[in-house]
Amino acid sequence: MAAKVVVPDSGGVYYAEDGTASVVLEDNYDATYVPSEKEVLEYAQWLGMDPDDHAELLWIARKGLQAPLPENWKPCKSDKREVYYFNFATGESLWDHPMDQHFKELFAQEKAKLEETRRAKAAGSKQTEEDAGNRSGAFPEEKRDATSGSPENGKSNDASARSVEVTVGKDTIENATGSALRKEANDADKKGTPRC
């Protein structure tokens, strides 16, 4: 059976194996604490974030500032007045809050996901632009009056009533409706006739 860990009360003195004395500090954890925006931004930068580029991940910094100490950890002040964290079960000591490493790792994981999502969106956006370019090459835009931007023939801009001009093989189709044009273009594809 494991020995019970004795964690000194706040204000108590802890003597390390080398004989140095430390004062155990009060753990001022407050479950209702809401960090200021300035605190969040400073901690975000300390974690390695660029607050402008990683604004979607600022929740990690906020959670990090609100994290309680893990079990058996206490803040201590050395005889040189330096504050550190000590685990009374393992004897481990850290200068940084014991949860800081967890939040650094969480940020790294979430940053990788965010960058992958951004790359995928950018690739999808690029693909969408290429697809749009391919479609516009197959079905040129309707003729427009240079002064008004409206269709030359004055017809509605409704997709089914658009006036277009497309070359299919050597034949030019003028003033065809969008649906008739698509049918002509599809028939040309089936026959192997190149569209220019």
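**Strand β3 and its surroundings in the predicted model**

At a relative accessibility of 14%, S78 counts as buried in this structure, which is a predicted model. The residue belongs to strand β3, and when residues up to four places away in sequence are set aside, S78 touches A21, S22 and Y84. The burial of S78 accords with the strand that holds it, since five of the six residues of β3 are buried and the strand is therefore largely enclosed by the rest of the structure.

The chain as a whole contains four helices and seven strands, which follow one another along the sequence in the pattern β-β-α-α-β-β-β-α-β-β-α. Of its 196 residues, 26% count as buried. Among the contacts in the chain with a separation of 6 or more, 46% are accounted for by residues 24 or more positions apart.

Five of the strands form an open sheet in the order β1-β2-β3-β4-β5, with antiparallel pairing. The edges of this sheet are taken by β1 (13-15) and β5 (93-94), each of which has a single partner strand, so that one side of each is left without a neighbour in the sheet. Strand β3, by contrast with these edges, stands between β2 and β4 in the strand order. On one side, β2 (residues 21-24) and β3 pair in the antiparallel sense over three bridges, and within this pairing V23 has K77 of β3 as its bridge partner. On the other side, β3 (residues 73-78) and β4 (residues 83-87) are joined, again in the antiparallel sense, over five bridges, with Y84 of β4 serving as the bridge partner of C76. Y84 is also one of the residues touched by S78.

Strands β3 and β4 form a hairpin with four residues between the strands, in which R81 takes a positive phi near 70°. K80 likewise lies in the loop between β3 and β4, and its setting contrasts with that of S78: K80 is exposed, with a relative accessible area of 65%, whereas S78 is buried. Although K80 and T20 are 60 residues apart in sequence, their C-alpha atoms are 9.8 Å apart in space.

Pockets were examined next. The largest pocket holds about 400 Å³ of space and is lined by 19 residues, of which D27, N28, L65, Y85 and H97 lie nearest its centre. The elements that give two or more residues to this lining are α1 (37-47), α2 (58-66) and β4, and the largest share, three residues, comes from α2. By class, the lining of the largest pocket divides into ten nonpolar, four polar and five charged residues.

The second largest pocket has a volume of about 260 Å³. Its lining comprises 13 residues, and those nearest its centre are T20, S22, S78, Y84 and W95; the elements contributing two or more residues to it are β4 and β5. This lining has six nonpolar, four polar and three charged residues. Several of the central lining residues recur from the description of the sheet: S78 and Y84 lie nearest the centre of this pocket together with S22, and S22 and Y84 are both among the residues that S78 touches. T20, which is also listed nearest the centre, is the residue whose C-alpha atom lies 9.8 Å from that of K80. Strand β4 gives two or more residues to the lining of the largest pocket and likewise two or more to that of the second largest pocket.

A further buried position is found outside the sheet. E110 is placed in helix α3 (residues 100-138) and is buried, with a relative accessible area of 18%, a value that falls under the 20% cut-off for burial. The side chain of E110 makes a polar contact with the side chain of K113 at 3.2 Å. Leaving aside its neighbours within four places in sequence, E110 is in contact with L57, W59 and I60. Helix α2 spans residues 58-66, and W59 and I60, two of the contacts of E110, fall in that range.

Key:
Residues numbered from 1 in each chain as written. Predicted model: local features only at pLDDT ≥ 70, side-chain atom pairs only at ≥ 80, totals over all residues. Heavy atoms only, no water. Pairing = 2+ DSSP bridges. 1 Å grid on protein atoms, 1.4 Å probe; cavity = no way out; pocket = protein on both sides within 12 Å on 5 of 7 lines; lining within 4 Å. Points joined across faces, edges and corners; volume = space filled by probe spheres on them. Nonpolar A, V, L, I, M, F, W, Y, C, P; charged D, E, K, R; others polar. Buried < 20%, exposed > 50% of the residue type's maximum accessible area, 1.4 Å probe, protein only. Polar contact = N/O pair within 3.5 Å; in protein donor to acceptor, adjacent residues only side chain to side chain. Contact = heavy atoms within 4.5 Å.
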